[in-house]
Amino acid sequence: MQLSLGISTCPNDTFIYEALLQGLENSPFEWKVTFADVQTLNEMVLRGELDVAKISAQVYPQIAETYRCLGCGGAIGYGCGPLLLSSESGSFNPDLPTTLPGANTTAALLFKFWYAHQFKNAPKLEYALFNEVYQGLLHKSIPQGVTIHEHRFTWKRDGLHLLQDLGAYWEQETGSPIPLGIAVVKKDLGFAEIESIEKEIRASLRIARQRQNPVTPFIVEKAQIDDDEVIKSHIAMFVNDFSENVGEAGWRALENLWRLSHC
């Protein structure tokens, strides 16, 4: 059976799904993969264009009728949330626009969650792809913005200023881990196929975790940064036991986020 799969080029996704894409032993599936930034994947799933995808967790209430959220393959954790950064100062200015990495990203929702607790007016928002947000901050064309993925590890080196760790704020206010991403599969594939897909993702992850060196040429080729140590740090931060089994704490965090997305 040929299935379409959408994942990002981020090291945590390529780490989890590499063995699956190479073809697991006795697998009944042939994967046609789309690599894209998370906002693009969100939009593709909202249009029903992918059979299986790793997307932002906040999208799920909009697709719950047609997609099932899997219990593995996502990105949930502690100390791994998006960062609100400034290109010029250490103070957030609500009179300036804030650039978010896509309207449907969990990062966008976590920013709005933080902002609503700080200010009474509506935020001034602009949107760009996640890498464009970071490049805009570096070149000072974006005064303040929310950054995700590998850039969590490079902002100090690149002279940017931290205004708020949005993940830390979420943990403080909800007492739950940060539910950044989830894996979803189309419900109309049927229960047996969905169960098989979930098993394949877990098998692919176990193969990756058994490697002595987590960084492979495939992961380096797809990553947005050419630094093995940053890639290792990225994988260590975003791939954890929640990746293999969402578990009670993970589902509770997702329910908290999905309630917030309805507000």
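**Chatting about a predicted fold**

User: Hi! What share of the contacts in the protein, at a separation of 6 or more, comes from residues 24 or more positions apart?

Analyst: That share is 79%, where a contact means heavy atoms within 4.5 Å. This is a predicted model, so local features need pLDDT of at least 70 and side-chain atom pairs pLDDT 80 or more, while totals for chains, interfaces and linings use all residues. Residues are numbered from 1 along each chain, and side-chain values use heavy atoms, without hydrogens and water.

User: Cool. How much of the protein is buried?

Analyst: Of its 263 residues, 55% count as buried, meaning under 20% relative accessible area with a 1.4 Å probe, protein chains only.

User: And which residues of helix 4 are buried?

Analyst: Among them are Leu109, Leu110, Phe111 and Trp114. Nine of the 11 residues of helix 4 (residues 106-116) are buried, so the helix is largely enclosed by the rest of the structure. Helices here are DSSP runs of H or I with at least four residues.

User: Which residues have the most contacts inside the largest nonpolar core?

Analyst: Ile55, Phe111, Ile182 and Val184 do, in a core of 46 residues. Helix 4 gives the most to this core, with eight residues. A nonpolar core is a set of buried Ala, Val, Leu, Ile, Met, Phe, Trp, Tyr and Cys residues joined through side-chain atoms within 4.5 Å.

User: What does Val184 touch?

Analyst: Leaving out residues up to four places away in sequence, Val184 touches several residues, including Val45, Ile55, Tyr60 and Cys69.

How values were computed:
Buried means under 20% relative accessible area, exposed over 50%, partly exposed in between (1.4 Å probe, protein chains only). Helices (H or I, at least four residues) and strands (E, at least two) are DSSP runs, numbered from the N terminus.
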